[in-house]
Amino acid sequence: MELAATGAEQVQIKPITAADLDWALAQGWDDFKAKRGDLLLLPLIYAVIGFAAAFFAFNASFWPLIFPLVGGFALVGPLAAAGFYEIAKRRERGQDSSWTHFLDPLRGPSRVPMLGLTVMLVLIFFAWMVSAQAIYAATLGPLAIDTPEGFAAALTATSQGWTMIVVGNLVGALFATFTLAVAAFSFPLVIDTPVPALTAVAASLAAFRRSPLVMLRWGVMVAFILAVAALPLFVGLIVALPVLGYATWHLYTRAVRIRG
């Protein structure tokens with residue numbers, strides 16, 4: 001199915017299957033073994049953990065937002081993985097894939113559409129945080145909880161807490177699905193070829209519509225991997241993020257085709 005024309009190129013969408021998901025993850029793991037992204041992320045992850053721990057330790061009033069913040073991390077995942085898309089692309093094509101190219105998406109012709117896509121993700125993230133705060137204010141907010149311990153107790157021991165859990169998860173799932181649809185392949189596409197940001201978003205949406213159940217399955221797989229990786233103080237993310245970044249690039253190559 002032809003989606004759009006961009007100069008001499010055409011963006012075409014192909015259906016993908018569950019087998020493509022398994023193949024993409026296997027390719028992502030092979031890339032990880034060859035290009036150890038954990039070495040790049042290790043100091044960053046520990047710095048983020050330290051900052052977050054200090055922030056929440058001295059700002060107990062922000063504890064109700066810790067779960068939305070952690071969940072919102074997945075919303076900006078495509079941006080965080082942009083450098084890994086570039087490395088996977090270069091390795092796949094037999095080009096120099098040294099870490100000096102990790103920031104190429106921010107330096108080359110892709111930087112303008114990347115900026116547009118980044119603004120989109122930031123707006124989605126802030127909309128999610130505003131929604132999460134509104135849900136908290138409408139449920140646990142009237143209880144005037146002022147300690148992390150009180151928040152944890154109210155979350156599971158009151159009807160308001162369970163209402164917040166259910167509504168928060170439903171709204172979060174909507175945000176996650178929307179982000180998956182607009183961002184799953186838009187970032188890899190602008191790194192592949194610098195099409196306008198709107199064209200990249202349209203291509204990602206078209207890929208989602210072409211294989212909705214498979215894409216939803218991919219979203220669940222990504223969420224599960226990130227959740228498991230985050231359990232040991234987020235340290236598992238130093239492996240999960242590179243592997244998923246590499247895998248997403250390979251899945252993109254199965255779903256989107258650029259024809260000159």
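**Exercise 1. The main core.** Which residues have the most contacts inside the largest nonpolar core, and how many residues does this core have?

*Solution.* Keep in mind that you are looking at a predicted model.
- Step 1: Count the members. The largest nonpolar core has 63 residues.
- Step 2: Pick out those with the most contacts inside this core: Met120, Phe185, Leu189, Trp218 and Val256.
- Step 3: Ask where the members come from. Helix α13 (residues 237-255) gives the largest share of this core, with 11 residues.
- Step 4: Look for another core. A second, separate one has seven residues, including Ile135, Phe151, Ala154 and Leu155.

**Exercise 2. Around Phe185.** Find the residues in contact with Phe185, leaving aside its neighbours within four places in sequence.

*Solution.* Place Phe185 at the centre of your view. With those neighbours set aside, you should find Ser204, Ala207, Met215, Thr248, Leu251, Tyr252, Ala255 and Val256 in contact with Phe185.

**Exercise 3. Helix α13.** How does the reach of α13 compare with the expected value, and how many of its residues are buried?

*Solution.*
- Step 1: α13 has 19 residues, and at 1.5 Å a residue 27 Å is expected.
- Step 2: From first C-alpha to last, α13 reaches 26 Å, which is close to that value.
- Step 3: Since 16 of its 19 residues are buried, α13 is largely enclosed by the rest of the structure.

**Exercise 4. Two helices that cross.** Work out how α8 and α9 are oriented to each other.

*Solution.*
- Step 1: Locate helix α8 (residues 148-157) and helix α9 (residues 159-183); their axes come within 5 Å and cross at roughly 80°.
- Step 2: Angles of 65 to 115 degrees count as roughly perpendicular, so α8 and α9 are roughly perpendicular to each other.
- Step 3: Now see which residues meet. Phe151, Ala154, Leu155 and Thr156 belong to α8, and their partners in α9 are Gly161, Trp162, Met164 and Ile165.
- Step 4: Sort this contact by class: six residues are nonpolar, two are polar and none is charged.

**Exercise 5. Arg90.** Is Arg90 buried or exposed?

*Solution.*
- Step 1: Find Arg90 in helix α5 (residues 82-92).
- Step 2: Compare its relative accessibility with the cut-off. Buried means under 20%, and Arg90 has 16%, so Arg90 counts as buried.
- Step 3: Name what Arg90 touches, not counting residues up to four places away in sequence: Gln95, Asp96, Ser97, His101 and Asp104.

**Exercise 6. The whole chain.** How many helices and strands are there, and what share of the residues counts as buried?

*Solution.* The chain has 13 helices and three strands. Of its 260 residues, 45% count as buried.

Technical notes:
Residues are numbered from 1 along each chain as its sequence is written. This is a predicted model: local features need pLDDT of at least 70, side-chain atom pairs count only at pLDDT 80 or more; totals for chains, interfaces and linings use all residues. Side-chain values use heavy atoms; hydrogens and water are left out. Helices (H or I, at least four residues) and strands (E, at least two) are DSSP runs, numbered from the N terminus. Buried means under 20% relative accessible area, exposed over 50%, partly exposed in between (1.4 Å probe, protein chains only). Contact means heavy atoms within 4.5 Å. A nonpolar core is a set of buried Ala, Val, Leu, Ile, Met, Phe, Trp, Tyr and Cys residues joined through side-chain atoms within 4.5 Å. Axes are lines fitted to C-alpha atoms, for helices over the stretch in contact, and angles run from 0 to 180 degrees between N-to-C directions. Angles under 35 degrees count as roughly parallel, over 145 as roughly antiparallel, 65 to 115 as roughly perpendicular and the rest as oblique. Ala, Val, Leu, Ile, Met, Phe, Trp, Tyr, Cys and Pro count as nonpolar, Asp, Glu, Lys and Arg as charged, and the others, Gly among them, as polar. The expected span of a helix is 1.5 Å times one less than its number of residues.
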